[in-house]
Amino acid sequence: MTFQAQNVNTEELVALDNVHHFHPFTNHAAMVKEGGARVITHADKAWLWDSNNRKILDAMAGLWCVNIGYGRKSLADAAHRQMLDLPYYNTFFKTTTIPAVQLAEKVASLLPERFNKVFFVNSGSEANDTIVRLVRHYWELKGQPERKVIIARHNAYHGSTMASASLGGMQHMHAQGGLPLPGIVHVQQPYWFAEGGDMSPEDFGLKAAQAVEDKIKEMGADKVAAVIGEPIQGAGGVIIPPATYWPEVQRICKEYGVLLIADEVICGFGRTGKLFGFESLGMEPDIVPMAKGLSSGYAPIGAVAIADHIMEVIDAADSEFAHGFTYSGHPMACAVALENIRILEDEKLVERVADLAPYFAEKLGSLSDHPVVGEARSFGLLGAIEIVKNKQTRERFAEEGRAGGICRDACLANDLIMRACRDTMVLSPPFVITREEIDLLVERARIALDAVYDALKGEMV
Ligand code: PXG
């Protein structure tokens, strides 16, 4: 395959990267000691190439985002055309642009009827920051300014900015920068494999939902603004809640008049086999943040869809929402997102996910017989493999993350990208992955699990 940056001097690039490039979520000293970063040069469909010309199966679709697969020329063409016509103009001060209008209308048309307004941002983090300000502003306008508390879940991921990392339930993130912000509280996650003990998944789902009601009562129902959750937690380890969970949380939110926010940054645009995760999991959200799948990662863009009953309060107050970004509704990013959605629809890629899901589940499930696998689960094209020391008791290996790290490194050595969330391996392949590529993925995953077994079997007695 040809690509623009031919003849890469890998050594020189890596040396410069080590000196000048501060990577996100990276232990730099350790990365440099191990020889530095891998240089990814080009990609096609579900495959990446690095500067040493290794061809790698990307079972993570980048970072859960390149849903339509790499190498789509029409998205590059859409960006090119838009940048020639109008590379930038803002959407503040009563101006708009053609792609921003078209994308707002398109996104609204994909959502249930009650959603007609879309606020544009540049990332999932910005979408969730926007929501913290929006829901508090909404309750102030509604004459209930004391409703400030937002309930989130432990081990959730909602982004990396101050407000979105506060909504997230990652302790190692809260430990840096004095988080969470006041008024953001966390409750038990619906993670049956890790926390369900002897309960049936259905009973455990109800128990985890009860934690939301308990927290509402503890904080005072008149103090709670909203509950936020990913329909399926992604970065937490592809945690698929029991079927009882979201309908019960939904019922509780309705009972106490609390807004429900479905973070669709990973699940949105087809990953669960329906357009949005809330449709698959039985939620009826009032606000929907989205990003990644909106443009399949081809351009940085996110959005927040807001239900009519919230907009009515904002409009009736005749007040300005004092919030926005230079690049809210960026014309190039909107044009790319529109072309991405056209491809999703024309190639019926959401239907393809639904169609592939049973095959993916069956193949992934075939790994459950492996001695270090406690569970292999999936929903749509989201998958997880739980690495354990004891299959019966679900006990983990010592030093959280060590077994996962061994597995991830063994995958890479074998040209497969599968991410480790502590000791849970996670998968989120592009929607264009083929059945043969799923077979290969599972074959390579098994080899990596063998490597974990070889390294740690001495601890399994
Ligand atoms: N919500 C969810 C559900 C996410 O998964 C965000 C919000 C934040 O989006 P931005 O665009 O600000 O990154 C995310 C992002 C990982 C990983 O290691 C996951 C994400 C981002 C980076 C790394 O799994 N999810």
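This report walks through a ligand site, a helix pair and several single residues in a predicted model.

## The ligand and its surroundings

Start with the ligand. There are 16 residues around it, and W64, G124, S125, D263 and R419 come nearest. Three of these place an N or O atom beside an oxygen atom of the ligand. The table gives the distances.

| Residue | Atom on the protein side | Distance to a ligand oxygen atom |
|---|---|---|
| G124 | backbone N or O atom | 2.9 Å |
| S125 | polar side-chain atom | 2.6 Å |
| R419 | polar side-chain atom | 2.9 Å |

Note the kind of atom in each row. G124 uses its backbone. S125 uses its side chain. R419 also uses its side chain.

W64 deserves a second look. W64 sits in helix α3, which covers residues 61-64. Its phi is near 65°, a positive value in a residue other than glycine. Is W64 buried or exposed? W64 is buried, because its relative accessibility is 3% and the cut-off for buried is under 20%.

L63 belongs to helix α3 too. Leaving out residues up to four places away in sequence, L63 touches K292 and R419. L63 and R419 are 356 residues apart along the chain. Their C-alpha atoms are separated by 9.3 Å. R419 is also one of the residues that come nearest to the ligand. So R419 appears in both lists: the contacts of L63 and the surroundings of the ligand.

## Two helices that pack together

Now turn to a helix pair. Helix α5 spans residues 98-110, and helix α14 spans residues 331-346. They pack at an angle of about 40°. Their axes are 8 Å apart. The crossing of α5 past α14 is left-handed.

Which residues of α5 and α14 meet? From α5 come P99, A100, Q102, L103, K106 and L110. From α14 come P331, C334, A335, A337, L338, I341 and E345. Sorted by class, this contact holds ten nonpolar residues, one polar residue and two charged residues.

Before α5 comes a loop, and F93 lies in it, between α4 (73-85) and α5. F93 has a positive phi of about 45°, although it is not a glycine. F93 counts as exposed because its relative accessible area is 70%, and the cut-off for exposed is over 50%.

## Two residues of helix α10

Helix α10 runs over residues 201-219 and holds L206. I216 is found in α10 as well. How do they compare in accessibility?

L206 is partly exposed, with a relative accessible area of 38%. Apart from neighbours within four places in sequence, L206 is in contact with T244 and E248. L206 and P242 are 36 residues apart along the chain, and their C-alpha atoms are separated by 8.5 Å.

I216 is buried, at 0% relative accessibility. With close sequence neighbours within four places set aside, I216 is in contact with I151, A221, V224, I252, Y256 and V258. I216 and L456 are 240 residues apart along the chain. The C-alpha atoms of I216 and L456 are separated by 44 Å.

## Loop residues

Some loop residues are buried. G268 lies in the loop between β8 (259-262) and α12 (277-281). Its relative accessible area is 0%, so G268 is buried. Setting aside neighbours within four places in sequence, G268 is in contact with N67, L275 and F276. G268 and L456 are 188 residues apart in sequence and 37 Å apart in space, C-alpha to C-alpha.

H370 is in the loop between α15 (349-365) and β11 (373-379). What is its relative accessibility? The value is 2%, so H370 counts as buried. Neighbours within four places in sequence aside, H370 is in contact with K391, R446, L449, D450 and Y453.

One more loop has a special peptide bond. P180 lies in the loop between α8 (171-174) and β6 (184-187). The bond joining L179 and P180 is a cis peptide bond, with omega about 0°.

Conventions: Residues numbered from 1 in each chain as written. Predicted model: local features only at pLDDT ≥ 70, side-chain atom pairs only at ≥ 80, totals over all residues. Heavy atoms only, no water. Helix = DSSP H or I, 4+ residues; strand = E, 2+ residues; numbered from the N terminus. Buried < 20%, exposed > 50% of the residue type's maximum accessible area, 1.4 Å probe, protein only. Contact = heavy atoms within 4.5 Å. Axes fitted to C-alpha atoms, helices over the stretch in contact; angles between N-to-C directions. Left-handed = near helix turned anticlockwise from the far one by under 90°. Nonpolar A, V, L, I, M, F, W, Y, C, P; charged D, E, K, R; others polar. Near = heavy atom within 4 Å. Polar contact = N/O pair within 3.5 Å; in protein donor to acceptor, adjacent residues only side chain to side chain.
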